[in-house]
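This report describes one protein chain, beginning with a single residue and ending with the chain as a whole. Please keep the sequence and the structure in view while reading.

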Amino acid sequence: MSAIDEQPVAQTEVKHKLERALSDRPDKQELVDRNILKDTTVAPALQAAQDKLQRSQLEDKLDQALQHRPKPEELIKDGILTPDEAPPSK
């Protein structure tokens, strides 16, 4: 037998391996559930910008929450903290 006769068998085998690998691949929803893909309707070219915007919004929300949190003195007065639990004054 020549190498030419063996080539179609090898191509067929490779094709079957590829088809098997593709059929075993997880679907999109499974990848989203495992946090591998993001569940978004935004175009892939814009996903990085969307992530950056969401992070910025989260940082702003956290900054606002930190600015409005009660002072340790207020928490002591309300009985939530005891004086020895309060952080040292600056």
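Is Thr40 buried or exposed? The model considered here is predicted, and in this model Thr40 has a relative accessible area of 19%. Because buried means under 20% relative accessible area, Thr40 counts as buried.

**Thr40 and its surroundings**

Thr40 is found in the loop between H2 and H3. Its side chain makes a polar contact with the side chain of Gln50, at 3.2 Å. When neighbours within four places in sequence are set aside, the residues in contact with Thr40 are Gln47 and Gln50. Gln50 therefore appears in both descriptions of Thr40, as a contact and as the partner in a polar contact, while Thr40 itself is buried at 19%.

**Asn35 and Gln67**

The loop between helix H2 (28-33) and helix H3 (47-67) also holds Asn35. With a relative accessibility of 70%, Asn35 is exposed. The backbone of Asn35 deserves attention: although Asn35 is not a glycine, its phi is positive, at about 60 degrees. For comparison, most residues other than glycine have a negative phi.

Gln67 belongs to helix H3. Its relative accessibility is 57%, so Gln67 is exposed. How far apart in space are Gln67 and Asp27, C-alpha to C-alpha? These two residues are separated by 40 residues in sequence and by 44 Å in space.

**Repeats and domains**

UniProt, in an unreviewed entry, places the feature "repeat: RPEL" at residues 16-41 and at residues 60-85. The table sets out the values computed for these two spans.

| Span | Helix content | Strand content | Distance between end C-alpha atoms |
|---|---|---|---|
| Residues 16-41 | helix 58% | strand 0% | 33 Å |
| Residues 60-85 | helix 54% | strand 0% | 28 Å |

The domain assignment divides the chain in another manner, giving domain 1 (10-39) and domain 2 (41-89). The centres of domain 1 and domain 2, taken over C-alpha atoms, are separated by 40 Å.

**The chain as a whole**

Which secondary structure elements does the chain contain? The chain has four helices and zero strands, and from the N terminus on its elements run α-α-α-α. The radius of gyration of the chain is 29 Å, well over the 12 Å that the globule rule gives for 90 residues, so the chain is more spread out than a compact globule. Along the principal axes, the C-alpha atoms fill a box of roughly 95 × 30 × 25 Å.

Of the 90 residues of the chain, 4% count as buried, and Thr40 is one of the buried residues. The accessible surface of the chain comes to about 8600 Å². Carbon and sulfur atoms account for 55% of that surface.

Terms used
Residues are numbered from 1 along each chain as its sequence is written. This is a predicted model: local features need pLDDT of at least 70, side-chain atom pairs count only at pLDDT 80 or more; totals for chains, interfaces and linings use all residues. Side-chain values use heavy atoms; hydrogens and water are left out. Helices (H or I, at least four residues) and strands (E, at least two) are DSSP runs, numbered from the N terminus. Buried means under 20% relative accessible area, exposed over 50%, partly exposed in between (1.4 Å probe, protein chains only). A polar contact is a pair of N or O atoms within 3.5 Å; within protein, one must be able to donate a hydrogen and the other to accept it, and residues adjacent in sequence count only if both atoms are side-chain atoms. Contact means heavy atoms within 4.5 Å. Domain bounds come from an automatic or database domain assignment. UniProt positions are given in the numbering used here, feature names are shortened, and annotations may be inferred rather than shown by experiment. The radius of gyration is taken over C-alpha atoms; the globule rule is 2.2 Å times the number of residues to the power 0.38. Accessible areas come from the Shrake-Rupley method with a 1.4 Å probe; for residues, only the protein chains shown count as cover.
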